[in-house]
Amino acid sequence: MQAAFDRRRINGPEESFSPTFTNEPQESILENVHRTRKDRNISDIRPIFLQPGLISQANGSAYIETQRTKIACSVYGPRQSKNTTYNEKGKLNVEVKFAPFSCERRRTPLRDAEDRSIATAIQQALISSVRLEQFPKSTIDIFLIIIEADGVEGCIASGSTAASTALADAGIDMYGLVTSCTAAVVGADIWIDPTQEESNIANGIFILSCMPALGIVTNVWQSGRMTPSQVLACIDVCDSRCTDIHSIVAQSLLVNARSKT
Amino acid sequence: MAEGLSSRVNSFLSDPEREALKAATFQRLHPRIYLERFLQEKIRPDGRSKAEDINDANVWRNVEVNVGSITTASGSALVRLGNTTVVCGVKAEICEPELDNPHEGFLVPNIDLPALCSPKFKSGPPTEEAQVLSERLNEVLGNGMIPLSSLCICPGKSAWVLYVDATVINYDGNAFDAALLAMVCALRNVSLPHADFDPEVNRTICIRPGFDPAKPARNLAIQEDLVPLAFSFGVFARSHLLPDPTASEEPLLDTTISIILDARARVLALSQLGVGVNKSETLDQGVDSNSTTREADTLARCISLAKIRHAVLLEKLYDI
C-alpha cells in the first residue's frame, strides 16, 4: 500500500496489495507439535559469510550473510558533529534501513518504528565497546541496510556483529569486538539462531551481545515467556556461540588486512 | 601539534604507504590537477587507459551481475560496475487499473541513494540526484520493454504493479548505468504467480508456484528487442573523453553524455548536458577531423564506443 503521495519518488497506483494465495500452507503450528528442527541441530548457528571493506567509499564497512539474512553496513567518521554544543565524548549514531524488497510484504520507503527499534538495539550492543572519550566533538555514523530479512532478531544479531566488524575495519578504537547471538525457547528446548518461521512458534526470544575477548556482556534483550533457568541457559549457549562468531570476525578482519598489504 | 601527529603517524608507515598517503592528500586538496597529471600520462587514476583506441576493452570498468539471490523479491539482481554496487529487487503487488487505462498494469522504478553508499549523501528523503535518476530510469524503462497490457489480470478490475526498487550500496560513480542494468536484470528474473480475478468476491487469488501444474508461474513478457542499456561518458576540461566516470572524476566533469541502446544496438535515447570535446584538442588525439561540428564529433565517438561495449555487456546479460 502506498503510504502517502510523495512527489520526490515515482508513484504507483493509490493502493496495492501483496498477492493472496489459495491453499496457504497451514502446517507449521499444528503439525509441529513435537517440534523438531528441520535442517540443523538446535545448538547450531547458520553459516556466516562476513566480508569487511566491501564499500570503498566508507571509512569502514562489512557485509554479512547468514543464509537468507543479508546486511550491508558502513561506518563514516569520526567526523564533526552537526550540533554545535560541546560534547566531551563522541556520539555513536546508528541508522537502519530496510530495502523495500527485503521482507515478505513490500516496505514503503518511509521509515517506521521497526527501523528505529533495531537501530537502538544495535547501538546499545556497541556503545560500551567503543572508546568514545577518544573522540570529543565528533560523531561516528553507522549505517546499515537490510537487503533481505529473515527474522528481526537475526537482523539485530547479524547487524551488531557486522557493525562491530565495520568499526574495526574503520580503525576506530574499541575495547573489544562485539558479537551477538540469538536464542528461542521452543517447547522445552532452546534453539540457537532462529529463523523468522522458528521465532514465530517460539515462546520467548533472547539476544545476547558481548565482547568474548574480554568476557564482558554489552547488551541483553529478552522477550516472551521464559523461566529464569531458561534465561540463564540461554546466556550460556549464546555466550559460547558468540565466542565461535568472534573467531569468524577476527579471521575475516585478518584476511582483509593481509590482502591490503 | 598537527605536525607532531603526522610525524607520529608516518613513523608507523612503510615508504610506499607514506607515498600513497601523500598522493591521497594531494588528490583531496587538488582533485583537478591530480586528474590532469594522470591524463597527461594517458592513464586514468584507477588504472584504465584513455579512450584513444576504440577497441581497447580497458577503457571501461569490469561488470559483474548476479541474479535471483533475494528470495523475498519476485525478481532481483546485484550489479557491480567497478566499485559501484547496486542491488535491485522487484516486488509484484496487485492493484486496480486506472480508469483511463483499464487494460494496463504499472511499472514503478525508484532508486535510493542512502547515506550508507557515500559520504556525500545524508539520510532522509530522496536527494535531488536520486530524484533525477529515478525520473530518468522511469523514462527509459517506460519505453515499452514490458508492455503494460501484459500486466493486466482482469480488465478494469485487477492488474499487477511492479515496484522496481534499486538501492546503491557503494557509490563510485555512474550509478545510472549500473542501476539500469540492475533493473533490467531483475525484471528478466521476475516470476509472477498465476492469478485469477474472482468477480463473486471481488478479489484476485493467486496460485502458489508448483501447487497446480496446470497453472504455473510465468516470467514477464519482455520485448527483448527493446531491452535498454546505458553508456555514460564525461568530458573533462573540454579535451578528454572519459567513459564510465568514477565518483572522484564525476564532480570535475563539464559535460555528461548518456547513450541508451536497445538490444540491437540502435540508439533509443541520447542526452548530452554541456559542450563536447574541443576540436583543436581532439585533432591531436587522432579523431577524424573531417566532421564539421565538434559536438557531432564527440557524440559519434561516444556512440561507436558504446556499441562496442554493448556487445560485451549483452554477452554478460545472456550468459547469466
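## Exercises: where chains A and B meet

In this predicted model, the contact draws on 47 residues of chain B and 36 residues of chain A.

**Exercise 1.** Work out which elements of chain B supply at least two residues each to the side that touches chain A, and which gives the most.

*Solution.* Start with the list: β3 (84-95), β4 (106-112), α4 (128-141), β6 (158-170) and β9 of chain B each put in at least two residues. Next, pick the top contributor: that's β3(B), with seven residues. Finally, sort this side of chain B by residue type: you get 27 nonpolar, 13 polar and seven charged residues.

**Exercise 2.** Trace the three-stranded open sheet and say which strands sit at its edges.

*Solution.* Begin with the order, which runs β2(A)-β9(B)-β8(B), with mixed pairing. Now look for strands that pair on one side only: these are β2 (20-21) of chain A and β8 (194-198) of chain B, the edge strands.

**Exercise 3.** Zoom in on β2(A) and β9(B): what is the sense of their pairing, and which residues face each other?

*Solution.* Take the sense first: β2(A) pairs with β9 (residues 203-207) of chain B in parallel, over two bridges. Then go residue by residue. Thr20(A) has Ile205(B) as its bridge partner, and Phe21(A) stands opposite Cys206(B).

**Exercise 4.** Find the residues that touch the most other members of the largest nonpolar core, then explain why this core lies between two domains.

*Solution.* The core holds 151 residues, and the ones touching the most other members are Val86(B), Leu162(B), Ala179(B), Ala182(B) and Met183(B). By element, helix α5 (residues 175-188) of chain B provides the largest share, 12 residues. As for the domains, domain 1 (63-223) and domain 2 (228-320) of chain B both contribute residues, so the core lies between them.

Now follow up on Met183(B). Skip its neighbours within four places in sequence, and its contacts are Cys88(B), Pro109(B), Leu137(B), Leu141(B), Val164(B) and Ala166(B).

**Exercise 5.** Check the confidence for chain A: which element has the lowest mean pLDDT, and which the highest?

*Solution.* Get the chain-wide picture first: chain A has a mean pLDDT of 88, and 92% of its residues reach 70 or more. Then go element by element. Helix α1 (residues 27-31) of chain A comes out lowest, with a mean of 50, while strand β4 (residues 60-66) of chain A is highest, at 95.

Notes. Residues numbered from 1 in each chain as written. Chains lettered and ligands numbered in written order. Predicted model: local features only at pLDDT ≥ 70, side-chain atom pairs only at ≥ 80, totals over all residues. Pairing = 2+ DSSP bridges. Helix = DSSP H or I, 4+ residues; strand = E, 2+ residues; numbered from the N terminus. Contact = placed C-beta atoms within 7 Å. Nonpolar A, V, L, I, M, F, W, Y, C, P; charged D, E, K, R; others polar. Core = buried A, V, L, I, M, F, W, Y, C linked by C-beta atoms within 7 Å. Buried ≥ 20, exposed ≤ 12 C-beta atoms within 10 Å, placed from the backbone. Domains from an automatic or database assignment. pLDDT = per-residue confidence, 0-100.
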